[in-house]
Protein chains: 2
Amino acid sequence: MDNVIAIIPAAGISKRMGAGVDKQLLSLCGQAVLERSIRAVLAAKSVDGVILVVKPGEEPFFLSWSERFDGMVKAIVTGGAQRQESVRNGLSAVPDDADVVVVHDGARPLISPQLVNDVVGAARVRGAATLGVPVKDTVKKTGQDNQVIETVPRDKLWLVQTPQAFQVNVIKDAHRWAQQHGCHGTDDASLVEAYGSPVTMVYGSYENIKVTTPEDMILAEALLKAK
Amino acid sequence: MDNVIAIIPAAGISKRMGAGVDKQLLSLCGQAVLERSIRAVLAAKSVDGVILVVKPGEEPFFLSWSERFDGMVKAIVTGGAQRQESVRNGLSAVPDDADVVVVHDGARPLISPQLVNDVVGAARVRGAATLGVPVKDTVKKTGQDNQVIETVPRDKLWLVQTPQAFQVNVIKDAHRWAQQHGCHGTDDASLVEAYGSPVTMVYGSYENIKVTTPEDMILAEALLKAK
């Protein structure tokens, strides 16, 4: 049977959230942002376990913290300086019998299990998939001195979210290739694209926000309460 | 002295908000979205009056409704089939002695007076200015069958907001030119760009959301309460 492992990078400290605060451990309606993100991913029937990537030195804390997930956190891995390195470290802990790898931000607590299943399903068929939502706003590009140089056609333009999902060989090959070629991306799917493998866009949700500022916490709380 | 008039298109009915509901008259913490948008613009010291553009047939309602603004609503104008036509109709009611025209969505109630002043100030100096916020998310473009064809560099990419502000001759010329050439844009600044006049980007706020879905109402309420 299919084995699906989710890598959750939780090594980032938000500089925007305020000094020294790990945004992912902030309480959101009584439960840490990170805990909500992990529980949401584990609530998806397609997902069999989680690998948590944490900051160097925080492994002991998270080892005991993750006991609350009843053995579903399969490994605690030491993160790197960049998110890309953290995911790569997480990949090294993916068991040999895994078929699909899901990567999900620890700071996206509002993801629905259904959307996790959707993106996993798409990756099974197509090799790689990412969640995203169509751009609703007018988009402009600026040049020097904040002068507008173009209104970019927004048709077919998407704001990318996580989870992203990949057949395990696709994501491992892409990360290896990216490391060898010094290729950097703001997400994992872009490494797969640069490597030359197809990526499918799956319709996400505007509610699936990334909690990176104090305002985001307010929004996330309001969305949670409205559920 | 400078005379600054704000045009507020309020002719849109949100199809996303639910059948038959004018989103701009929905109550947001006890005050209609549109009323909040108007009051926020009028709270800016740079703004001398408002022209309200409404749906055909709704002029009588808004004529009495607008009495609450103590004479600061200078005209009620009949809107068109598209937003662009509504703004054009609004322009025809701008008094001859006006120097700067501000266009602000009736569905953006969270704009701060300071940001209105910022964009007006930029338009005075540069001719035309729009508010916007840098794109934070990874952006991808899809082709056929939702296949990703590109991760678009997000550097220098902005999500455009209102208010936008213009020297009065600039916006009038651009709208006239656009009408003559059958040019359509998702915002007014894009008509100025197409006409060939410079537009400056002014740093807006992520809180300045456009209320177009029930979820947006939840977010707007949460942001208002947190203020």
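A nonpolar core is a set of buried Ala, Val, Leu, Ile, Met, Phe, Trp, Tyr and Cys residues joined through side-chain atoms within 4.5 Å. Buried stands for under 20% relative accessible area, exposed for over 50%, and partly exposed for the range in between (1.4 Å probe, protein chains only).

The model is predicted: local features need pLDDT of at least 70, side-chain atom pairs count only at pLDDT 80 or more, and totals for chains, interfaces and linings use all residues. Residues are numbered from 1 along each chain as its sequence is written, chains are lettered from A and ligands numbered from 1 in the order in which they are written, and side-chain values use heavy atoms, with hydrogens and water left out.

**Exercise 1.** Describe the largest nonpolar core.

*Solution.* Step 1: this core has 32 residues, and B:Leu34, B:Ile38, B:Val47 and B:Leu52 have the most contacts inside it. Step 2: among the elements giving two or more residues are helix H1 (33-42) and helix H4 (113-126) of chain B; helices (H or I, at least four residues) and strands (E, at least two) are DSSP runs, numbered from the N terminus. H4(B) contributes the most, with six residues. Step 3: apart from this core lies another, of 31 residues, which includes A:Ile8 and A:Val202.

**Exercise 2.** Explain why B:Cys29 has no disulfide bond to A:Cys29.

*Solution.* Step 1: a disulfide is a pair of cysteine sulfur atoms within 2.5 Å. Step 2: the closest cysteine sulfur to that of B:Cys29 belongs to A:Cys29 and is 17 Å away, too far for a bond. Step 3: over all chains, the structure holds zero disulfides. As to accessibility, B:Cys29 is partly exposed at 36%, whereas B:Cys183 is buried at 17%.

**Exercise 3.** Find the strands that pair with E8 (residues 139-142) of chain B.

*Solution.* Step 1: two strands pair if DSSP finds at least two bridges between them. Step 2: strand E10 (residues 157-167) of chain A pairs with E8(B) in the antiparallel sense over three bridges, and A:Leu159 stands opposite B:Val139. Step 3: strand E9 (residues 148-152) of chain B also pairs with E8(B) in the antiparallel sense, over four bridges; there, B:Val152 is the bridge partner of B:Val139.

**Exercise 4.** Characterise the interface between chain B and chain A.

*Solution.* Step 1: 44 residues of chain B contact 44 residues of chain A, contact being heavy atoms within 4.5 Å. Step 2: the chains share six salt bridges, each a side-chain nitrogen of Lys or Arg within 4 Å of a carboxyl oxygen of Asp or Glu. One of them joins A:Lys140 to B:Glu193, with the closest N and O atoms 2.6 Å apart.
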